[in-house]
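Grab a pencil and work through these exercises with the model open beside you. Try each task yourself before you read its solution.

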Amino acid sequence: MMVKIEIQKKYLKIGKASELLDWNKKEWLIYRCFETLPGIFVLMTFFLIFFLSWKKPIWVAIFIIIFDVYWLFRTIYLSFHLRKGYQLMKEYQKENWLEKLKNDEKIFWVSWQKIYHLIILPMSNEGFEVVNSTFESLSKSNYPKDKFIVVLTAEERYKEKILPIIEKIQEKFKNSFFRLLITIHPKDIGGELAGKGANATWGARQAKEKIIDPLNIPYEYIIVSNFDIDSNVPSDYFARLSYVYLTCKKPLRSSFQPIPLFINNIWEAPAFARLTAFSSTFWQMIQQSKKFDQITFSSHSMGFKPLVEIDFWQTNVVSEDSRIFWQCFLNFNGNWRVVPLYFPIYMDANVASTYFKTIKNQYKQQRRWAYGSENIPYFLFNFLKNKKLKLKLKIIWSFRILENFWSWATASLIIFMLGWLPIVLGGKEFSSMIIAYNLPRITSNLMTIASFGLIFSAVLSILLLPPRPPEYGKYKYLFMVLQWLLFPFQAILLGALPAIEAQLRLMLGKYMGFWVTEKFRKIKS
């Protein structure tokens, strides 16, 4: 029995198919087949689009009209959830969560004063301005800082550049928290992929060994937050997180997800970067409103006890933020969910030192996020292995995630191409038909109606803006609205194309490494 359990645990540590090659060639082949699925779906979609536009243009014309109608209703549906997510966030921001902790203690499963926050901050080569602003926000929290264990875990490969920054941070904030642990994650550890997952796991293990275990702090009294290094928290954030943790039905079987607002440097960002930042924020707001579709993303929190039980974040994957959900979901046989906090956390938009470098970095970041498709073979393979997981859950989650990644890579291109492709490839006979004459008009009208959702997005983006820096004139607000006219181009160039590349790389076994997003902010004089 122990051998079987160990094998099951080993399955939960798989990063890619090649890790199974020397262990079991049959299982390698199964996992490898699952890796090809997202890319195959994308290629088959585009093959059928061109082939059927040529051979069966009427079929394609009917399909695109139905697809556009579906997308119109989906846009309305998502706009409703976006509005609801925004309203809930604003509502919860008005609460004094520290006071609620003090007043509602009778309903908690343990006193809130026993709760510690372990805050993991993986650092690569970011500048002092970025790291300092994160520590400043932590130090201004209204939650008792004598319950904060802050771990700044830096990468050894950037040691020469970051040592002076670490020393300044340590000197400035050494007395600000219950414990401040500075640690260096060694490079070239066997089996690790250099990235946030490996760095965060190193930092968490160091905190366990050097602080938590020596002080005998019960694991269930610790909430661990794995933050990106540019994460600035509102003063009430940890009080809100503690409240949700203490009132959650299953706190040790839940992750806790804030809404990332990528607006720290939004005024400095060019239009495409702002669009991508707001689009990512809006998607997370929608997910918070939908609740049951949500998977952990970027900065997130969970109980330290289950994190230890699954042996921390995986160190051999790119997308450790979403992978931790699947690790827990599979380890606890489906008894895991993401609890929305309806509360913001402020992060950086992807901005580089030049416009063209920003666009390039935007593409790379979107490609890395889209490489989250590496989770598809992981959970499909483990679905086969896990007999305790209900079939209904396997089917629902498989469809949700496969459809999400397929839509990411194909939807905007389908909408863009199919209004005219049957006319170009369908031949003279089809071109002379009434449906061919009306097709561009019908699809254009449907998409025009659907684009009204962009008006709400434009208004919401203005409402979310931080105060305007004095160096930017009031005309900048106009550009913040007009930028949404670029959204169709952004959806293709910085949405579909990097998603296609990521899924084809996985299909071909050209595995990606972890690309570190550059954190650039203008130094204010």
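## Exercise 1: The largest cavity

Helix H9 gives the most to the lining of the largest cavity, with 4 residues. Keep in mind that the model is a predicted one.

**Task.** Find out how many cavities of 30 Å³ or more the whole structure has, and describe the lining of the largest one.

**Solution.**
- Step 1: Start with the idea. Rolling a probe the size of a water molecule over the atoms shows where empty space is left.
- Step 2: Search the whole structure, and you get 2 cavities of 30 Å³ or more.
- Step 3: Look at the volume. The largest cavity holds about 60 Å³ of space.
- Step 4: List what lines the largest cavity: Phe262, Ala273, Thr276, Ala277, Ser280, Asp348, Ala349, Asn350, Gln362, Gln365 and Trp369.
- Step 5: Match the list to the elements. Two or more residues of this lining come from helix H9 (271-290), and likewise from helix H12 (355-370).
- Step 6: Sort the lining by class, which gives 5 nonpolar, 5 polar and 1 charged.

## Exercise 2: The second largest cavity and helix H14

**Task.** Work out which residues line the second largest cavity, then check the span of H14.

**Solution.**
- Step 1: The second largest cavity has a volume of about 40 Å³.
- Step 2: Its lining is made of Pro38, Phe41, Val42, Ile376, Leu402, Phe405, Trp406 and Gln503.
- Step 3: By class, that makes 7 nonpolar, 1 polar and no charged residues.
- Step 4: Helix H2 (25-55) supplies at least two residues of the lining, and so does helix H14 (391-417).
- Step 5: Now for the span. H14 has 27 residues, so at 1.5 Å a residue it should span 39 Å. Its end C-alpha atoms are 37 Å apart, which agrees.
- Step 6: Follow the axis too: H14 bends by about 45° at Ser407.

## Exercise 3: Two residues with positive phi

**Task.** Asp188 and Phe312 have a positive phi. Decide for Asp188 whether it is buried or exposed, and do the same for Phe312.

**Solution.**
- Step 1: Recall the background. Most residues other than glycine have a negative phi.
- Step 2: Asp188 is not a glycine, yet its phi is about 60°. You'll find Asp188 in the loop between strand E3 (179-185) and helix H7 (196-212).
- Step 3: The relative accessible area of Asp188 is 73%, so Asp188 is exposed.
- Step 4: Phe312 is not a glycine either, and its phi is about 70°. Phe312 sits in the loop between helix H10 (304-309) and helix H11 (320-331).
- Step 5: Phe312 has 4% relative accessibility, so it counts as buried.

## Exercise 4: Buried residues in helices H11 and H18

**Task.** For Cys328, Ser322 and Ser461, use the relative accessibility to say why each counts as buried, then name some contacts of each.

**Solution.**
- Step 1: The cut-off you need is under 20% relative accessible area for buried.
- Step 2: Cys328 lies in helix H11. Cys328 counts as buried because its relative accessibility is 0%.
- Step 3: Skipping residues up to four places away in sequence, Cys328 touches Met302, Ile310 and Trp336. Cys328 and Ser254 are 74 residues apart in sequence, but their C-alpha atoms are 8.7 Å apart in space.
- Step 4: Ser322 lies in helix H11 as well. At 14% relative accessibility, Ser322 counts as buried. Its contacts, leaving aside neighbours within four places in sequence, are Ile295, Thr296 and Asn375.
- Step 5: Ser461 belongs to helix H18 (residues 453-464). Ser461 has a relative accessible area of 1%, so it is buried. Setting aside neighbours within four places in sequence, Ser461 is in contact with Phe278, Phe282, Met480 and Trp484.

## Exercise 5: The buried residues of H6 and H17

**Task.** Which residues are buried in H6, and which in H17? Say what packs against them.

**Solution.**
- Step 1: In H6, the buried residues are Ile162, Ile165, Ile166, Ile169 and Phe173.
- Step 2: Check the spacing idea. An α-helix has 3.6 residues a turn, so residues three or four places apart point the same way.
- Step 3: The cover over the buried residues of H6 includes strand E1 (116-123), helix H5 (128-139), strand E2 (148-155) and E3.
- Step 4: In H17, Ala436, Leu439, Thr443, Leu446 and Ala450 are buried. They pack against helix H3 (57-93), helix H15 (421-425), helix H16 (427-431) and H18.
- Step 5: Finish with the axis: H17 bends by about 25° at Pro440.

Technical notes:
Residues are numbered from 1 along each chain as its sequence is written. This is a predicted model: local features need pLDDT of at least 70, side-chain atom pairs count only at pLDDT 80 or more; totals for chains, interfaces and linings use all residues. Side-chain values use heavy atoms; hydrogens and water are left out. On a 1 Å grid over the protein atoms alone, a cavity is a set of points where a 1.4 Å probe fits but cannot get out, and a pocket is an open set with protein on both sides within 12 Å along at least five of seven lines; lining residues have an atom within 4 Å of a point. Grid points are joined across faces, edges and corners, and a volume is the space filled by probe spheres set on the points. Ala, Val, Leu, Ile, Met, Phe, Trp, Tyr, Cys and Pro count as nonpolar, Asp, Glu, Lys and Arg as charged, and the others, Gly among them, as polar. Buried means under 20% relative accessible area, exposed over 50%, partly exposed in between (1.4 Å probe, protein chains only). Contact means heavy atoms within 4.5 Å. The expected span of a helix is 1.5 Å times one less than its number of residues. The bend at a residue is the angle between axes fitted to the seven residues ending there and the seven starting there.
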